[in-house]
Amino acid sequence: MPTLVFLAFLAWGACGYTPPPLLRNDVNLQPSSTCRSCHLDITQQWNGSAHSRADRTKSLLFGRMYFYSLKATRGGTMLSCGPCHETATFVNQDFEFVREVSQEGVTCTYCHSVSGPAERGIPPYTLDLSAYQGPIANPVKTSGHPSAYAPYLKGSDFCGACHAYSNQHGVKIADTYGEWKRSRYAKQGISCQGCHMPGKAGRNSNQGPERPRVADHSFSIDALAAARPHSATLTLTGARRPGADTLRVFALATNTGWGHSLPTGNDQNLALIRIRVTGADGKIVWENDPFTEWNVSVFGLILADELGNWPADTWNAVKTLSDRRIKAGGSARVRYDIPLSGTKGALKVEAHLLYRRSKPLTLTAYGLDENTYGAERTLAEATLRVP
């Protein structure tokens with residue numbers, strides 16, 4: 001029996017999960033190539049999204065950590081990770097990735113088979129494969145397939161079933177949905193889709209009518225930045241300390257536009273401050289290394305294992321050591337006491353608030369490329385001049 005199939009049966013036995021019966025005619029999720037002929041723009045948007053790259057073959061960060069976790073937990077992480085990252089695999093029961101659709105991560109036909117929530121299930125969705133479900137109240141009949149209205153797809157609950165989870169020890173790893181629900185955005189009726197799928201006028205398909213809004217399926221940072229161009233700010237204040245050869249600087253990072261915490265998601269996602277001081281001649285006087293000052297310059301979730309080692313892998317974590325994620329609408333203020341070593345004259349302080357997908361230790365442990373998985377994107381920047 002292939003290893004992955006054996007692990008699947010172990011995981012099902014451990015949690016009491018009952019897989020859908022095999023060879024059912026109504027359980028047959030199709031690949032995105034079947035959508036492309038009628039939904040070209042939407043398919044292309046989705047194809048460039050993180051959803052399309054959520055499975056282990058396209059995301060090496062997920063794939064290598066997932067495979068190691070399956071061995072370390074004897075299949076225990078399969079049902080907590082797999083159904084959200086590899087949707088068609090669990091519906092079609094294709095654990096050997098024989099079919100094209102099994103390597104499409106969060107695939108089109110999975111999301112558009114969801115008709116509502118379910119009391120049980122992993123993730124807890126009700127699937128209706130008799131028609132493709134969507135947020136349009138009166139879908140136009142086409143020759144391509146039956147369509148149905150599913151208002152559930154318009155709300156944040158739809159996203160929340162995957163974007164909030166705990167590990168097998170009950171440690172909350174990601175709580176994006178909960179962060180949003182506790183924020184002012186939820187109270188104002190701003191949904192996940194409102195920010196992450198802004199869209200514009202157009203057609204949902206080449207057989208459909210012109211509509212005032214067609215949702216953007218790229219879920220891209222660029223689309224989000226266009227919708228909320230000032231989602232984070234960074235300000236600097238400070239001065240030389242009288243009687244001391246140091247410069248005291250305060251950096252204030254504010255989450256002004258994220259509908260959830262900054263950062264959000266799993267424990268790999270980080271925000272960090274890189275700060276540098278230069279003299280009047282342009283030479284560097286001092287600069288920090290954020291990863292030597294986790295409780296100052298790094299914002300994110302730090303997990304510990306049963307021996308207190310940190311940062312622990314997601315599946316080994318038994319407690320949260322530190323949660324410095326900046327809540328929606330909140331701020332974090334940090335202090336730097338910078339040695340000047342006799343430096344005279346005017347000083348320039350530059351700081352950047354950056355977003356990063358993974359910790360340096362993770363990239364080293366799993367042999368991942370720093371330029372791909374460790375790239376840092378600027379969220380905000382600030383400058384301070386000290387006379």
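Two strands pair if DSSP finds at least two bridges between them. The exercises below apply this idea and others to a predicted model.

**Exercise 1. Strands β7 and β8**

Determine in which sense β7 and β8 pair, and which residue of β8 is the bridge partner of Gly202.

*Solution.*
Step 1. Locate the strands: β7 covers residues 200–203, and β8 covers residues 210–214.
Step 2. Establish the pairing: β7 and β8 are antiparallel and share 3 bridges.
Step 3. Identify the partner: Gly202 is bridged to Arg211 in β8.
Step 4. Describe the connection: 6 residues form the hairpin that leads from β7 to β8.

**Exercise 2. Helix α4**

Compare the expected span of helix α4 with the distance between its end C-alpha atoms.

*Solution.*
Step 1. Helix α4 runs over residues 60–72 and thus contains 13 residues.
Step 2. The expected span is 1.5 Å times one less than the number of residues. For α4 this gives 18 Å.
Step 3. The end C-alpha atoms of α4 are 18 Å apart, so the two values agree.
Step 4. The buried residues of the helix are Leu61, Phe62, Gly63, Met65, Tyr66, Ser69 and Leu70. An α-helix has 3.6 residues a turn, so residues three or four places apart point the same way.
Step 5. Just beyond the helix, Arg74 adopts a positive phi of about 55 degrees.

**Exercise 3. Two loop residues**

Decide whether Ser183 and Val318 are buried, partly exposed or exposed, and describe the surroundings of each.

*Solution.*
Step 1. Ser183 belongs to the loop between α9 (176–181) and α10 (184–187).
Step 2. Buried means under 20% relative accessible area. Ser183 has a relative accessibility of 5% and therefore counts as buried.
Step 3. The side chain of Ser183 comes to 2.6 Å from the backbone oxygen of Trp180. When residues up to four places away in sequence are set aside, Ser183 touches Gly259 and Ala328.
Step 4. Val318 is found in the loop between β14 (301–304) and β15 (319–323). Its relative accessible area is 36%, so Val318 is partly exposed.
Step 5. Beyond its neighbours within four places in sequence, Val318 contacts His169, Val171, Ala304, Asp305 and Glu306. Although Val318 and Gly170 are 148 residues apart along the chain, their C-alpha atoms are separated by 7.7 Å.

**Exercise 4. An open sheet**

State the strand order of the open sheet of 3 strands and name its edge strands.

*Solution.*
Step 1. The order is β9-β10-β16, and the pairing is antiparallel.
Step 2. Strands β9 and β16 each pair on one side only and are the edge strands.
Step 3. On average, neighbouring strands of this sheet are turned by 15 degrees against each other, direction ignored.
Step 4. Between β10 and β16 there are 9 bridges. Ala253 has Ala332 of β16 as its bridge partner.

**Exercise 5. Nonpolar cores**

Name the residues that touch the most other members of the largest nonpolar core, and the elements that give two or more residues to this core.

*Solution.*
Step 1. The core has 31 residues, of which Leu234, Leu247, Ile273, Val349 and Leu353 touch the most other members.
Step 2. The elements giving two or more residues to this core are β9, β10, β11, β16, β17 and β18.
Step 3. A second, separate core has 15 residues, including Val101, Cys111, Val114 and Tyr152.
Step 4. Cys111 lies in helix α7, residues 108–111. Apart from residues up to four places away in sequence, Cys111 touches Val106, Leu153 and Phe158.

Conventions: Residues numbered from 1 in each chain as written. Predicted model: local features only at pLDDT ≥ 70, side-chain atom pairs only at ≥ 80, totals over all residues. Heavy atoms only, no water. Helix = DSSP H or I, 4+ residues; strand = E, 2+ residues; numbered from the N terminus. Buried < 20%, exposed > 50% of the residue type's maximum accessible area, 1.4 Å probe, protein only. Polar contact = N/O pair within 3.5 Å; in protein donor to acceptor, adjacent residues only side chain to side chain. Contact = heavy atoms within 4.5 Å. Core = buried A, V, L, I, M, F, W, Y, C linked by side-chain atoms within 4.5 Å. Axes fitted to C-alpha atoms, helices over the stretch in contact; angles between N-to-C directions.
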